[in-house]
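Reader: I am new to this structure. Please pick a single part of it, look at it closely, and then follow the surroundings from there.

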Amino acid sequence: MGAKKIVLALDGMGGDHAPDVIVNGADIARERYPGTSFLLFGDEARLKALVDKRKGLAQVLEIVPSEDAVKADDKPSFALRRRRKSSMWMAVEAAAQGRADTIVSAGNTGALLAISMFAMRMLEGADRPALASFMPTSRGETVMLDLGANLECDADNLAQFAVMGSVFAQALLGLDAPKVGLLNVGSEELKGHEELRQAAALLRRPGSPVNFHGFVEGNDIGAGVTDVVVTDGFTGNVALKAIEGTAKLTFQFVGDAFRTSTFAKIGYLFASGAWKKLRKRVDPRRYNGGVFLGLDGVCVKSHGGTDALGFAYAIGVAVDLVRYEYKSKLVEGLARLREISASAETPAASLQTTGGTA
């Protein structure tokens with residue numbers, strides 16, 4: 001049997017450099033993922049002019065005209081109510097209605113989340129969506145979530161995110177039983193707030209759908225101690241931005257050092273090969289493509305400022321999730337989580353009804 005034929009809905013007008021980056025990214029992805037086809041939503045005249053320049057792209061791509069586009073500064077509530085004829089809305093709707101297997105957009109993050117939640121709804125057992133992505137570590141790659149969709153989370157949310165992240169890592173990183181950790185201020189069991197400790201207790205129960213490692217600290221992320229790092233959206237977004245800022249600062253310091261003297265510049269010539277390998281290893285385009293996990297559908301968010309190669313990587317994330325049948329596996333994992341959660345509550349409930357004493 002051949003690979004599953006996958007149809008991707010693309011928001012042709014979303015992102016800082018749309019529609020050029022979207023069309024060029026689709027062309028790169030077409031060559032990387034044979035058998036995929038695209039529904040491209042947006043300004044028909046602008047999109048057709050770009051598609052016609054790419055030999056062979058028109059054979060696997062259909063342009064679907066849209067009258068409007070979600071703006072970068074649109075509030076989610078405004079986009080939800082007033083942008084129903086936009087390229088983003090129509091692309092999400094295509095995925096929600098089954099005309100496409102997934103949607104990829106580089107547009108407004110808040111608007112994409114709001115529209116996707118409305119059109120796709122949540123999977124059974126998932127109370128909230130979590131924004132997940134992956135990043136380089138000393139051991140390979142690590143999945144991290146939530147990266148900003150939920151500023152506050154309770155124990156159930158965190159446990160659900162752990163299941164989502166585990167299935168995501170299985171699909172994207174090819175791991176059978178990825179190690180999952182909860183981000184905390186220490187690795188000791190008594191550290192952190194009550195929600196974290198409750199979530200950890202639930203994930204440690206027999207029959208847990210995740211391979212739970214325990215608590216991890218901030219410095220464990222880059223060390224790759226676990227394959228999945230779970231936290232609330234506030235902490236996750238701060239951690240992500242701190243990591244990105246530190247990486248940029250390090251490259252700046254190293255670059256400045258190579259320019260301090262003639263000998264340093266000569267040293268750079270000898271080290272240029274290794275330097276290029278390092279840049280490729282941490283190239284943010286390779287890690288482009290955040291996913292709103294927990295929705296009843298596959299929705300991939302590309303960075304708004306990415307180039308065509310970065311957008312092609314985001315398309316690749318969507319293709320991998322569909323081929324892996326991520327959604328059905330997540331349904332199974334969430335069902336197992338509900339079972340162990342219910343069993344954890346049963347003894348207490350039974351004690352109250354029987355009037356027994358401990």
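Author: One term is needed at the start. A polar contact is a pair of N or O atoms within 3.5 Å, and within protein one of them must be able to donate a hydrogen and the other to accept it. The model is a predicted one, and the part chosen here is helix α2, residues 44-51. Its N-terminal end is capped by D43, whose side chain places an oxygen 3.2 Å from the backbone nitrogen of A45. That distance is within 3.5 Å, so the pair meets the distance limit for a polar contact.

Three residues of α2 are buried: L47, L50 and V51. They lie on the same side of α2, because the arc they cover around the axis is only 95 degrees. What these buried residues pack against is α1 (20-32), β2 (36-42) and β3.

Helix α7, residues 194-203, can be read in a similar way. Its buried residues are L196, A199, A200, L202 and L203. Viewed down the axis of α7, these fall within an arc of 160 degrees, so they line one face of the helix.

Buried residues also lead to the cores. The largest nonpolar core has 71 residues, of which L10, L145 and L182 touch the most other members. Helix α6 (residues 155-173) contributes the most to this core, with twelve residues. Another core, of 33 residues, lies apart from it and includes I115, V216, V229 and F292. With neighbours within four places in sequence left aside, the contacts of L145 include A130, F161, M164, V229 and L293.

A further buried position is L295, in the loop between β10 (290-293) and β11 (298-301). Its relative accessible area is 0%, under the 20% limit, so L295 counts as buried. L295 and L123 are 172 residues apart along the chain, yet their C-alpha atoms are separated by 5.5 Å. Beyond four places in sequence, L295 is in contact with S116, M117, M120, R121, M122, L123 and P129.

Charged side chains form the next topic. Side chains of opposite charge can pair when their charged atoms come close. The whole structure holds eleven salt bridges. In one of them, D68 and R83 meet at 3.1 Å, N to O. This pair links distant parts of the chain, 15 residues apart: D68 is in the loop between β3 (61-65) and α3 (76-82), and R83 is in the loop between α3 and α4 (87-96). R83 is buried at a relative accessible area of 12%, while D68 is partly exposed at 23%. R83 also forms a salt bridge with D74, with 2.8 Å between the closest N and O atoms. D74 counts as buried, at 10% relative accessibility. Elsewhere, D27, R30, E31 and R54 are joined into one network by salt bridges that share partners. Within it, E31 and R30 meet at 3.6 Å, N to O, and E31 is exposed, with a relative accessible area of 56%.

Last comes the confidence of the prediction. The chain averages a pLDDT of 89, and 94% of the residues score at least 70. Over residues 347-358, pLDDT stays under 50, and the model has two contacts beyond four places in sequence for them. Where pLDDT is low, the predicted coordinates should not be read in detail.

Methods: Residues are numbered from 1 along each chain as its sequence is written. This is a predicted model: local features need pLDDT of at least 70, side-chain atom pairs count only at pLDDT 80 or more; totals for chains, interfaces and linings use all residues. Side-chain values use heavy atoms; hydrogens and water are left out. A nonpolar core is a set of buried Ala, Val, Leu, Ile, Met, Phe, Trp, Tyr and Cys residues joined through side-chain atoms within 4.5 Å. Buried means under 20% relative accessible area, exposed over 50%, partly exposed in between (1.4 Å probe, protein chains only). Helices (H or I, at least four residues) and strands (E, at least two) are DSSP runs, numbered from the N terminus. Contact means heavy atoms within 4.5 Å. A salt bridge is a side-chain nitrogen of Lys or Arg within 4 Å of a carboxyl oxygen of Asp or Glu. The arc is that of the directions from the helix axis to the C-beta atoms. pLDDT is the predictor's confidence in each residue, from 0 to 100.
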